[in-house]
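Student: I've got a protein model open and I don't know how to read it. Could you walk me through it?

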Amino acid sequence: YELKHAQRSMVRTSVKATAKAVEVKDKKVAEVFKTAQSTVDKMASKGVIHKNKAARIKSRLNKQVKSA
């Protein structure tokens, strides 16, 4: 339980970091997005989050990054 909780927390943290980078128009948005995407994919492959949820998270993040 604790490991899954920590891993799910990592996903949320990376998503928030990307959203914040988009909000402040940081130059490293693409880099932060790539890291978040990697984290989400890893957790989906480990079964921490469902693969469809991972796809939805990545899609929404990509939409934010493209609009910035």
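Tutor: Sure, and keep in mind that this is a predicted model. Let's begin with one residue: Gln7 counts as buried, because its relative accessibility is 11% and the cut-off for buried is under 20%. Gln7 sits in helix α1.

Student: Which residues is Gln7 in contact with, leaving aside its neighbours within four places in sequence?

Tutor: With those neighbours set aside, Gln7 touches Met43, Lys46 and Val48.

Student: And Thr18, is that buried or exposed?

Tutor: Thr18 counts as buried, since its relative accessibility is 0%. Thr18 is another residue of helix α1. Skip the residues up to four places away in sequence, and Thr18 is in contact with Val32, Phe33, Ala36, Leu61 and Val65.

Student: Which residues of α1 are buried?

Tutor: The list for α1 is Gln7, Val11, Ser14, Thr18, Ala21 and Val22. Their arc around the axis is only 110 degrees, so they lie on the same side of α1.

Student: Why do residues three or four places apart point the same way?

Tutor: An α-helix has 3.6 residues a turn, so residues three or four places apart point the same way. Now turn to the face of α1 that points away from the buried side: there you'll find the exposed residues Glu2, Lys16, Lys20 and Glu23. As for the buried residues of α1, their cover includes α2 and α3.

Student: How far apart are the end C-alpha atoms of α1?

Tutor: They are 31 Å apart, and the 22 residues of α1 should span 32 Å at 1.5 Å a residue, so the two agree.

Student: What about α2? How many residues does that helix have?

Tutor: α2 has 18 residues, and from first C-alpha to last it reaches 26 Å, close to the expected 26 Å at 1.5 Å a residue. Its buried residues are Val29, Phe33, Ala36, Thr39, Val40, Met43 and Ala44. They take up an arc of only 135 degrees around the axis, which places them on the same side of α2. Facing away from that side are the exposed residues Ala30, Glu31, Lys34, Ser45 and Lys46. Both α1 and α3 are among what covers the buried residues of α2.

Student: Then there's α3. Which of its residues are buried?

Tutor: Ala54, Ile57, Leu61 and Val65 are buried in α3. Here the arc is only 70 degrees around the axis, so they are on the same side of α3. Arg60, Lys63, Lys66 and Ser67 are exposed on the other side of that helix. The buried residues of α3 pack against α1 and α2. For its span, α3 has 17 residues and reaches 24 Å between its first and last C-alpha, close to the 24 Å expected at 1.5 Å a residue.

Student: What should I look for where a helix stops?

Tutor: Try the phi angles. Most residues other than glycine have a negative phi. Lys25, which follows α1, has a positive phi, near 55 degrees. Lys25 is in the loop between α1 and α2, and counts as exposed because its relative accessibility is 64%. There is also a positive phi just after α2, where Gly47 has about 85 degrees.

Student: Where is Asp26 placed?

Tutor: Asp26 is in the loop between α1 and α2. Asp26 is partly exposed, with a relative accessible area of 36%. Along the chain, Asp26 and Ala68 are 42 residues apart, and their C-alpha atoms are separated by 9.5 Å.

Student: Last topic, pockets. What volume does the largest pocket have?

Tutor: The largest pocket has a volume of about 150 Å³. Its lining is made of Arg8, Val11, Arg12, Val15, Ile49, Lys53, Ile57, Arg60, Leu61 and Gln64. The elements that give two or more residues to that lining are α1 and α3.

Student: Which element gives the most to the lining?

Tutor: That's α3, with five residues. Sort the lining by class and you get five nonpolar, one polar and four charged residues. Val11 is a good one to find on screen: Val11 lines the largest pocket and is one of the buried residues of α1.

Technical notes: Residues are numbered from 1 along each chain as its sequence is written. This is a predicted model: local features need pLDDT of at least 70, side-chain atom pairs count only at pLDDT 80 or more; totals for chains, interfaces and linings use all residues. Side-chain values use heavy atoms; hydrogens and water are left out. On a 1 Å grid over the protein atoms alone, a cavity is a set of points where a 1.4 Å probe fits but cannot get out, and a pocket is an open set with protein on both sides within 12 Å along at least five of seven lines; lining residues have an atom within 4 Å of a point. Grid points are joined across faces, edges and corners, and a volume is the space filled by probe spheres set on the points. Helices (H or I, at least four residues) and strands (E, at least two) are DSSP runs, numbered from the N terminus. Ala, Val, Leu, Ile, Met, Phe, Trp, Tyr, Cys and Pro count as nonpolar, Asp, Glu, Lys and Arg as charged, and the others, Gly among them, as polar. The expected span of a helix is 1.5 Å times one less than its number of residues. Buried means under 20% relative accessible area, exposed over 50%, partly exposed in between (1.4 Å probe, protein chains only). The arc is that of the directions from the helix axis to the C-beta atoms. Contact means heavy atoms within 4.5 Å.
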